[in-house]
Every structure is written in C-alpha cells, then in structure tokens.
Amino acid sequence: MEKNQENQTNFVGFILLGFSSSPEFQGLLFPVFLCMYLLCLLGNLVIILLIFSSASLLHAPMYFFLCHLSLADLGLSSTIAPQMLQNLLSCTNTISFSGCLTQVYFFVSFCAADNFLLASMAFDRYVAICRPLHYATIMSYRFCIQLAAVCWLLAYAHSLLYVLSMCNFKFCASRKIPHFFCDLHPLLKLSCSDTSSVEMLLVSEGTAILLGPLLLIIFSYLFIAFKVLKIPPGHRKYKAFSTCLSHLTTVALFYGTLLGIYIRPSSTYAGSTLKIASILYTVVTPMLIPFIYSLRNRTMHEAMKRILRGWFQKN
C-alpha cells in the first residue's frame with residue numbers, strides 16, 4: 001500500500017543534517033575527518049603506485065587484488081568524504097535528487113566491489129595454501145583479470161538495480177536526511193511511494209550479495225585452518241598462517257559494521273547508530289587497510305625501498 005501522499009511537495013533536493021547542528025562541534029570534526037580522508041588517499045595511492053611500479057607484484061594474485069581493493073576503497077571514501085567535509089563547513093547542506101542518487105550508486109558500487117574482492121582474495125589464499133602445486137595454473141594472471149572484471153561488473157549491476165528502483169520515488173514534505181550522505185535507508189524513510197519492493201530487495205538480494213562472499217571467505221579459511229593444523233610445528237606453520245592475517249583483519253573490519261546495517265528493515269535504524277557505523281566502513285576502514293597490509297609486509301617494504309632508491313638516484 002502506498003504511503004500518504006498529501007504532504008508531497010514540489011521536490012528539488014535534500015538537506016543532509018550531518019552530525020550536529022552546533023557549528024563549534026562541526027568545527028572540531030572537520031580537521032579530524034580531513035586528516036583521516038587525506039591518510040586514506042595517501043595510503044591507498046601508495047599501495048597502488050607500489051604494485052603498478054613492480055611487474056612481479058602486479059602479476060602476483062594477492063597484490064593484484066590488493067590493488068583493486070585499494071581502488072575500491074579510494075572510490076568509496078571519495079564518494080562520501082568530500083560531501084561530508086563540505087557539509088561540516090557549509091550552512092546550506094543541500095544535495096539535489098540526481099546528486100543524491102549518483103552518490104547512492106557509487107557508494108553501493110564500491111561497497112559491493114569491496115565485498116567481492118575480499119572474497120576473491122580469500123579464494124587466492126585458499127589455493128595458495130591448500131593447493132600449492134596447482135597455484136600457478138589456477139591463479140593465472142588471465143584468470144585474475146577475469147575475476148576482477150566480474151567483481152566490478154557485478155558491483156555496478158547490483159548498484160544499478162537499486163538506483164533504477166528508486167528513480168521514480170516521490171518524497172514527502174520533509175526533505176531532511178538525518179545522515180551525512182545519501183544512504184538507502186534514510187531515503188526509503190522519506191519516500192511517500194510504496195517502498196516495500198526495495199525493502200524486500202535489500203533484505204533478500206542485499207543479504208545474498210553480502211552473505212554469499214562472506215560464506216566463501218569463511219569456508220576458505222576453514223579449509224586453510226585444517227591445512228595449517230596438519231603442518232608440523234615451526235616457522236613454516238607460522239609463515240603459512242601469517243599471510244592470511246592482514247586479510248582476516250580487513251574482513252573483520254569491513255563486515256563487522258556492514259552486516260548489521262543493510263540486512264534489516266530501514267524502520268529499525270537509529271540515526272546516531274547509523275552515522276557511527278557508516279563512519280567506520282566509509283572512512284576508518286579504508287584509511288586503515290593500507291597500514292594493515294604494509295606495516296608487516298616485507299615485500300611491500302622492499303618495493304618502497306626500490307622506488308625511493310630509484311627516485312633519489314635520478315635526483
């Protein structure tokens with residue numbers, strides 16, 4: 001049944017309420033989020049540069065997918081953070097309907113791409129540890145390119161499904177979104193149209209898109225754990241499992257907040273909870289991932305040294 005449309009107005013756009021109506025509080029948040037966004041940009045760009053500058057890294061499946069993961073994280077943060085920073089400084093936090101849907105499209109696309117790429121990385125670790133003799137054959141460079149292309153195409157198609165479903169939505173008198181960006185659930189709450197089809201899509205297809213790759217990750221690491229436990233005690237066992245620690249940490253950060261948000265009805269969400277969780281997976285996690293993969297990674301350190309050595313020799 002359609003919602004009451006008596007309050008429908010000539011709709012021109014939305015007002016993003018952001019974090020607080022207090023200018024002083026927003027002034028304190030701006031430098032914090034600016035630093036986090038700049039760290040995210042710098043860290044992920046360095047990861048991409050290091051991998052593209054080294055043919056051996058680019059053709060190694062783990063680093064190939066890490067490069068794509070950094071691209072997705074750059075896109076995710078850049079879809080959200082600039083608008084958020086502008087709103088922290090601006091008194092008119094408006095965004096047009098087309099701008100809002102565009103933000104929704106890229107936000108969902110990059111989130112889904114992260115999701116599929118993390119599953120691809122788990123499959124790579126499974127083959128490397130459980131089927132090492134067939135690793136080079138299974139995880140060929142051509143197969144990695146095809147798998148990455150499928151990840152991106154599925155992500156864009158998944159996002160397009162939601163945006164096309166929302167294009168003809170009508171909105172009520174209130175244009176205020178209690179969030180710092182255009183997210184699916186706040187938009188559904190404002191609509192005067194019948195949103196049951198999109199709600200059903202979120203709970204069914206959205207849950208499958210999230211849980212499908214997550215189940216692949218879980219089963220991959222169950223097989224990895226059984227394989228590692230059979231290895232005699234010593235350095236080799238630690239080395240086999242240490243290659244998975246960075247990926248497991250990233251999976252925990254990403255899914256820890258995302259699963260609790262997008263697999264239940266929009267009517268159950270509190271604004272403050274949604275904002276805090278959104279900050280974690282749109283800004284904090286993309287900022288931390290470059291450090292997670294580079295701090296203890298000797299291969300990345302050596303690639304960085306080669307680039308710096310070459311740069312200093314030229315100058």
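This report describes the fold, the helix packing, the aromatic pairs and one cavity of a single predicted chain.

The model is predicted, so local features are given only where pLDDT is at least 70 and side-chain atom pairs only at pLDDT 80 or more, while totals for chains, interfaces and linings use all residues. Residues are numbered from 1 along each chain as its sequence is written, and side-chain values rest on heavy atoms, with hydrogens and water left out.

**Overall fold**

The secondary structure of the chain comes to 11 helices and three strands, where helices (H or I, at least four residues) and strands (E, at least two) are DSSP runs numbered from the N terminus. Along the sequence, these elements follow the pattern β-α-α-α-β-α-α-α-β-α-α-α-α-α. Of the 315 residues in the chain, 49% are buried, a term that stands for under 20% relative accessible area, with exposed meaning over 50% and partly exposed the range in between (1.4 Å probe, protein chains only).

Three buried residues show how positions apart in sequence are placed in space. N44 lies in helix α1 (residues 23–52), L187 in helix α7 (residues 184–190), and A122 in helix α4.

| Residue | Relative accessibility | Partner | Apart in sequence | C-alpha to C-alpha |
|---|---|---|---|---|
| N44 | 0% | S70 | 26 residues | 5.2 Å |
| L187 | 1% | K176 | 11 residues | 9.5 Å |
| A122 | 0% | I217 | 95 residues | 5.4 Å |

**Helix packing**

Two packed helices are described by the angle between their axes and the distance between the axes. Helix α4 and helix α6 (residues 141–166) pack at an angle of about 145°, with their axes 8 Å apart; the axes are lines fitted to C-alpha atoms over the stretch in contact, and angles run from 0 to 180 degrees between N-to-C directions. The crossing of α4 and α6 is right-handed, which means that the near helix is turned clockwise from the far one by less than a right angle, whereas an anticlockwise turn would make a crossing left-handed. The contact of α4 with α6 has 23 nonpolar, four polar and no charged residues, with Ala, Val, Leu, Ile, Met, Phe, Trp, Tyr, Cys and Pro counted as nonpolar, Asp, Glu, Lys and Arg as charged, and the others, Gly among them, as polar.

**Aromatic pairs**

A search of the whole structure finds 15 aromatic pairs, in which rings of Phe, Tyr and Trp (its six-membered ring) have centres within 6.5 Å, and planes under 30 degrees apart count as stacked, over 60 as edge-to-face and the rest as tilted. One of them joins F123 and Y126, a tilted pair with 6.3 Å from centre to centre and 35° between the planes. Because these two residues are three apart in helix α4 (residues 97–130), F123 and Y126 are separated by about one helical turn. F123 is partly exposed, with a relative accessible area of 26%, and Y126 is also partly exposed, at 21%. Elsewhere, ring pairs link Y105, F106, F110, W152 and Y156 into a cluster.

**A cavity**

The structure holds three cavities of 30 Å³ or more, a cavity being a set of points on a 1 Å grid over the protein atoms alone where a 1.4 Å probe fits but cannot get out, with lining residues having an atom within 4 Å of a point. The second largest cavity has a volume of about 40 Å³, the volume being the space filled by probe spheres set on the points, which are joined across faces, edges and corners. Its lining consists of G18, F19, Q26, M84, N87, L88, N93 and F180, and these residues divide into four nonpolar, four polar and no charged. Helix α3 (residues 61–89) gives the most to this lining, with three residues.

Key:
On a 1 Å grid over the protein atoms alone, a cavity is a set of points where a 1.4 Å probe fits but cannot get out, and a pocket is an open set with protein on both sides within 12 Å along at least five of seven lines; lining residues have an atom within 4 Å of a point.
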